Amino acid sequence: MKIKSAIIGGLALAFSMGSAHATQFVKNGDFTELTSGLGQLGYDTAATGWATTGYNFVFTQADQSVNGSYAGLSLWDQANGGASTWNGLTKSGTGNFVAMDSDFETAPLTQTITGLTSGKTYYLTFNYAFGQQYGFSGPTVQSLTASLGGTSWTSANFDVANHGFTGWQSVEVGFKANSTSEVLSFLASGNLPVPPFALVSNVSMTAGVPELSTWALMLMGFAGLGFAGHRRAKNRAVA
């Protein structure tokens with residue numbers, strides 16, 4: 001039993017080490033690193049590693065964007081009289097989020113991902129939600145598309161109530177790389193009355209295969225299980 005427990009513990013360690021050492025391919029996925037850069041994210045503020053020419057903004061809280069002369073841009077929420085009870089935080093409660101206008105000056109939010117292996121599958125995870133700019137009224141229908149290379153994922157159409165907030169949704173989707181460098185993009189879609197906003201936060205992408213060191217530990221564990229089974233069989237035969 002001690003041997004079996006030790007082996008199982010080793011397997012658990014192998015899996016946990018594989019997760020802990022998984023390579024992160026997205027830079028600044030929580031949008032907390034900000035730099036100045038006209039024509040980047042928003043108009044006056046850029047999120048390091050990301051680019052866009054659209055009407056897209058970084059928010060540190062629901063009722064205030066951080067984009068220079070557009071600092072008055074806000075979203076309906078509990079803090080400013082919205083109908084929802086959203087606290088203005090991301091799903092994880094940490095980091096910032098990007099609000100992407102899906103009708104006015106619509107353009108994707110992009111990041112070039114490097115260091116990929118062609119033909120290998122990578123798993124993209126992120127949180128998203130939909131809301132409306134403060135000062136505008138009327139229900140909207142909104143969706144979000146995430147793309148990597150030639151593959152895309154599109155959310156369902158969300159019916160967003162007047163001054164409403166959908167709540168955060170979580171998604172994990174696998175993409176197969178076609179080359180060592182691919183463009184990751186998010187694009188919002190929505191209808192009148194404007195402006196509907198899609199929100200994106202906590203973006204992450206890791207490889208779908210354990211590292212070599214993890215495989216070594218796993219193989220050692222499987223070999224140990226085989227040895228333990230052989231030993232039990234031998235002891236029964238002797239008895």
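The following paragraphs describe the fold, the nonpolar cores, the aromatic pairs and selected polar residues of a predicted model.

Residues are numbered from 1 along each chain as its sequence is written. In this predicted model, local features need pLDDT of at least 70, side-chain atom pairs count only at pLDDT 80 or more, and totals for chains, interfaces and linings use all residues, while side-chain values use heavy atoms and leave out hydrogens and water.

The chain contains two helices and 13 strands; helices (H or I, at least four residues) and strands (E, at least two) are DSSP runs, numbered from the N terminus. Of its 239 residues, 42% count as buried, where buried means under 20% relative accessible area, exposed over 50%, and partly exposed in between (1.4 Å probe, protein chains only). The accessible surface of the chain comes to about 11,600 Å², with 57% of it belonging to carbon and sulfur atoms; these areas come from the Shrake-Rupley method with a 1.4 Å probe, and for residues only the protein chains shown count as cover. Among contacts (heavy atoms within 4.5 Å) with a separation of 6 or more, 72% join residues 24 or more positions apart.

An open sheet is formed by six strands in the order β4-β3-β5-β13-β7-β11, with antiparallel pairing; two strands pair if DSSP finds at least two bridges between them. Strands β4 and β11 stand at the edges with a single partner strand each, so one side of each is left without a neighbour in the sheet. The antiparallel pairing of β7 with β13 extends over 10 bridges, and here tyrosine 122 stands opposite alanine 207 in β13. Threonine 125 is also found in β7 and is partly exposed, with a relative accessible area of 24%. Its C-alpha lies 7.8 Å from that of asparagine 202, although the two residues are 77 residues apart in sequence. Beyond its neighbours within four places in sequence, threonine 125 is in contact with Val171, Glu172, Asn202, Val203 and Ser204.

A nonpolar core is a set of buried Ala, Val, Leu, Ile, Met, Phe, Trp, Tyr and Cys residues joined through side-chain atoms within 4.5 Å. The largest such core has 33 residues, of which Trp50, Leu124, Phe126, Leu184, Phe186, Val203 and Met205 touch the most other members. At least two residues of this core come from each of β5 (97-101), β6 (109-113), β7 (121-132), β8 (140-148), β10 (158-160), β11 (169-176), β12 (182-190) and β13 (196-207). Strand β7 supplies the largest share, five residues. With neighbours within four places in sequence left aside, the contacts of phenylalanine 186 include Trp50, Met100, Leu124, Phe126, Leu144 and Val203. Another core, of 14 residues, lies apart from the largest one and has Ala62, Leu75, Phe165 and Phe197 among its members.

A pair of aromatic rings is described by the distance of the centres and the angle of the planes. Rings of Phe, Tyr and Trp (its six-membered ring) pair if their centres lie within 6.5 Å; planes under 30 degrees apart count as stacked, over 60 as edge-to-face and the rest as tilted. The structure holds 19 aromatic pairs. In one of them, the rings of phenylalanine 25 and tyrosine 122 have centres 5.2 Å apart and planes at 80 degrees, so the pair is edge-to-face. Phenylalanine 25 lies in the loop between α1 (2-20) and β1 (34-36) and tyrosine 122 in strand β7, so the pair ties together parts that are 97 residues apart in sequence. Phenylalanine 25 is buried at 14% relative accessible area, as is tyrosine 122 at 1%. Tryptophan 86 and tryptophan 168 also form an edge-to-face pair, because their ring centres are 6.5 Å apart and their planes stand at 75 degrees. Both tryptophan 86 and tryptophan 168 are buried. Ring pairs further link Phe31, Trp50, Phe126, Tyr128, Phe130, Trp153, Phe158 and Phe186 into a cluster.

Two buried polar residues complete the description. Serine 84, in the loop between β4 (64-65) and β5, has 14% relative accessibility and therefore counts as buried. A polar atom of its side chain lies 3.5 Å from the backbone nitrogen of tryptophan 86; a polar contact is a pair of N or O atoms within 3.5 Å, and within protein one must be able to donate a hydrogen and the other to accept it, while residues adjacent in sequence count only if both atoms are side-chain atoms. Glutamine 132, in strand β7, is buried at 1% relative accessibility. Its side chain has a polar atom 2.9 Å from the backbone oxygen of glycine 138 and reaches the backbone nitrogen of histidine 163 at 3.2 Å.
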